[in-house]
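Hi,

Here is the structure I promised to pass on. Have a look at it first, and then read my notes below.

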Amino acid sequence: MSFCTVLSAAVQGLSVEMIRVEADVSNGLPMFHMVGYLSSEVKEASERVRTAIRNSGMKLPAKKIIVNLAPATVRKRGASFDLPIALAVLAAMNYIPEEALKGVAVIGEVSLEGKIRGVSGVLPIVMEAKNQGCTACILPEENEIEGRLVSGIKILPADNLEKLCAYLNGDEKEIHRKKQGRSSAQRNIFENKKEDFSDICGQNAVKRAAEIAVAGGHNLLMAGPPGSGKSMIARRIATILPELSLEESLEITRIYSVLGMIDKEQPLITRRPFRSVHHTITKTALVGGGMTPRPGEISMAHGGVLFLDELAEFPRNVLEVLRQPLEEHQIHIARNYGNFTFPAEFMLVAAMNPCPCGNYPDMQKCSCTPSQIQKYLGKISQPFLDRMDLCIETPKVEYRELDIERIGKKEEESSEVIRSRVVEARKLQKKRYEGTQIRTNSMLGPGEIRTYIPLGSAERKLMEKAFERMGLTARRYHKILRVARTIADLDYSEKVTEKHLKEAIAYRSLDKKYWGR
């Protein structure tokens, strides 16, 4: 045998392209040459592989070795092709039988001494290998538990090249027994979580808005003076999010796997992500992209919450890039060598002061000039504000709410109690939208709104009056209806009534107060 092909894979954004690693060993001028649209780190694999084979007790003959990574139209990056290159070369030289590699996908980095090191992006690669009909996947030992998250495909973990070759030659003892990771079912969603809504004194209206936002997957904007509890409430939203299904867990874990941000021992992400972003973030870091397109903070918040504190401190051009993902729940990045799509189904929570000093509209305390206030609030454009479903003012906390004696007598609702109501509302939505792509009320389009939120004559008159008096846009009108549908779900009501609409309309009063819109 002088020729062999081994199957591997390349991660492009979040998608996976299967790669054929072809090795040919023939007579000629001794050389180790690699082709196939390779990055510099892949080209360096020739030296790593040659040294690793020698240090594993095998000899490379003085022959002409050509390695091709096909298809040549796909750019290959990273060190994950080391292992498939090594096995392809060894099989071409008859050190291992080619039959042992049929239907097997291979991925892994190889050190100079022959150790097989872990790589990122293993979960999507194993998923794609299974979809392509592979029966097994050879992975680094470090990635074993991650690979076993995919059922229906055999995982062969390896820690060094010499033992792997012995196994492929029929020595079953050289592959160790399956690692035992802690079952995801045994993991508590509130594990190591100290925050709780019961810590928040007062602010019942804001807590109600947060509950509605989570129940329907709506975006939430909180505005108020410093120290009024905006950030405190936002961080506790993570404690009332519903649990992830297995399908959602795998979808989120897939994103973090590509970024190399998962726990090797407990790779499955079982909690909804909560990403808090600083106002100095760049557009690329927020949306994703770069020379090699990678998911950004928006995609990392997929299925969970993206929190923007001090919203008005963000550059306006950074905030504007959020507009499309908030509507489409996807991010499309175009490059001259390909198009990439990243998921962006997240709940946006934002907090801001109403002016640079934070005391507006209390003009006795506010030290800002009208032009400063206008410039500060002007960073939030109307199109961006239209995409916020609920806008709530967070007033200053009064002393009576913080009084120790009073706190001891009155118990605030815990996150567990609030979360139970959220879960029930989500169950109603799941049943209502069964058989569709809609998961929450926030995802309803104009057509679905007419179907799922029919209004009576009294409700239509109320909305007509609100539309005229408040100068609503079509987008804000639909936002109010979606929020009203969620309020009705929390009220266990099949129909959206005037009561639900009035509460939903109240969550748009902040627009007029601060922006005059």
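Which residue just after helix 7 takes a positive phi? It is Gly-217, with a phi of about 70 degrees. Before you go further, keep in mind that this is a predicted model.

**Helix 7**

Let's stay with helix 7 for a moment, since Gly-217 comes just after it. Helix 7 runs over residues 204–216, and its end C-alpha atoms are 19 Å apart. That agrees with the 18 Å its 13 residues should span at 1.5 Å a residue. Is this helix enclosed or open? With 10 of its 13 residues buried, helix 7 is largely enclosed by the rest of the structure. Among the buried ones are Val-206, Ile-212 and Val-214, but also Lys-207 and Glu-211.

**Two cores**

In soluble globular proteins, nonpolar side chains tend to be buried together. Here, the largest nonpolar core has 50 residues. Which residues have the most contacts inside it? They are Leu-306, Leu-308 and Leu-322. Helix 9 (residues 246–258) gives the most to this core, with four residues. There is also a second, separate core of 49 residues, which includes Val-206, Tyr-433, Leu-444 and Leu-472. You have met Val-206 already, as one of the buried residues of helix 7.

If you want one residue to click on in the largest core, try Leu-306. Not counting residues up to four places away in sequence, Leu-306 touches a list of residues that includes Val-277, Leu-286, Ile-298, Leu-322 and Phe-346. Charged neighbours turn up too: Arg-275 and Glu-297 are on that list.

**Helix 20, a helix with two sides**

Helix 20 covers residues 457–470. Its 14 residues reach 20 Å from the first C-alpha to the last, close to the 20 Å expected at 1.5 Å a residue. Glu-459, Leu-462, Met-463, Ala-466 and Met-470 are buried. They cover an arc of only 95 degrees around the axis, so they sit on the same side of helix 20. On the other side, Lys-461, Glu-464 and Glu-468 are exposed.

What do the buried residues of helix 20 pack against? Their partners are helix 21 (474–490), helix 22 (498–506) and helix 23 (509–515). Just after helix 20 comes Gly-471, with a positive phi of about 60 degrees.

**Salt bridges**

Side chains of opposite charge can pair when their charged atoms come close. How many salt bridges does the structure hold? There are 25, and I picked out three for you.

- Glu-248 and Arg-439 have their closest N and O atoms 3.4 Å apart. Glu-248 lies in helix 9 and Arg-439 in the loop between helix 18 (415–432) and helix 19 (446–452), so this pair ties together parts that are 191 residues apart in sequence. Glu-248 counts as buried at 17% relative accessibility, while Arg-439 is partly exposed at 35%.
- Lys-427 and Glu-424 meet at 3.6 Å, N to O. They are three residues apart in helix 18, so about one helical turn separates them. Glu-424 counts as partly exposed, at 31% relative accessibility.
- Arg-485 and Asp-489 have their closest N and O atoms 3.0 Å apart. Both lie in helix 21, four residues apart, which is about one turn of the helix. Both ends count as buried: Arg-485 at 2% relative accessibility and Asp-489 at 1%.

The Glu-248 and Arg-439 pair also belongs to a network of salt bridges, where they are linked with Glu-251, Arg-272 and Glu-345.

**A hairpin and a loop**

Strand 15 (residues 330–335) and strand 16 (residues 338–343) form a hairpin with two residues between them. In which sense do the two strands pair, parallel or antiparallel? They are antiparallel, and they pair over six bridges. To see one of the partnerships, find His-332 and look across to Thr-341 in strand 16.

Finally, go to Ala-79, in the loop between strand 4 (64–70) and helix 3 (82–92). Leaving aside its neighbours within four places in sequence, Ala-79 is in contact with Arg-48, Gly-108 and Glu-109. Its C-alpha atom is separated by 14 Å from that of Tyr-37, which is 42 residues away along the chain.

Happy looking!

Definitions and conventions: Residues are numbered from 1 along each chain as its sequence is written. This is a predicted model: local features need pLDDT of at least 70, side-chain atom pairs count only at pLDDT 80 or more; totals for chains, interfaces and linings use all residues. Side-chain values use heavy atoms; hydrogens and water are left out. A nonpolar core is a set of buried Ala, Val, Leu, Ile, Met, Phe, Trp, Tyr and Cys residues joined through side-chain atoms within 4.5 Å. Buried means under 20% relative accessible area, exposed over 50%, partly exposed in between (1.4 Å probe, protein chains only). Contact means heavy atoms within 4.5 Å. The expected span of a helix is 1.5 Å times one less than its number of residues. The arc is that of the directions from the helix axis to the C-beta atoms. A salt bridge is a side-chain nitrogen of Lys or Arg within 4 Å of a carboxyl oxygen of Asp or Glu. Two strands pair if DSSP finds at least two bridges between them.
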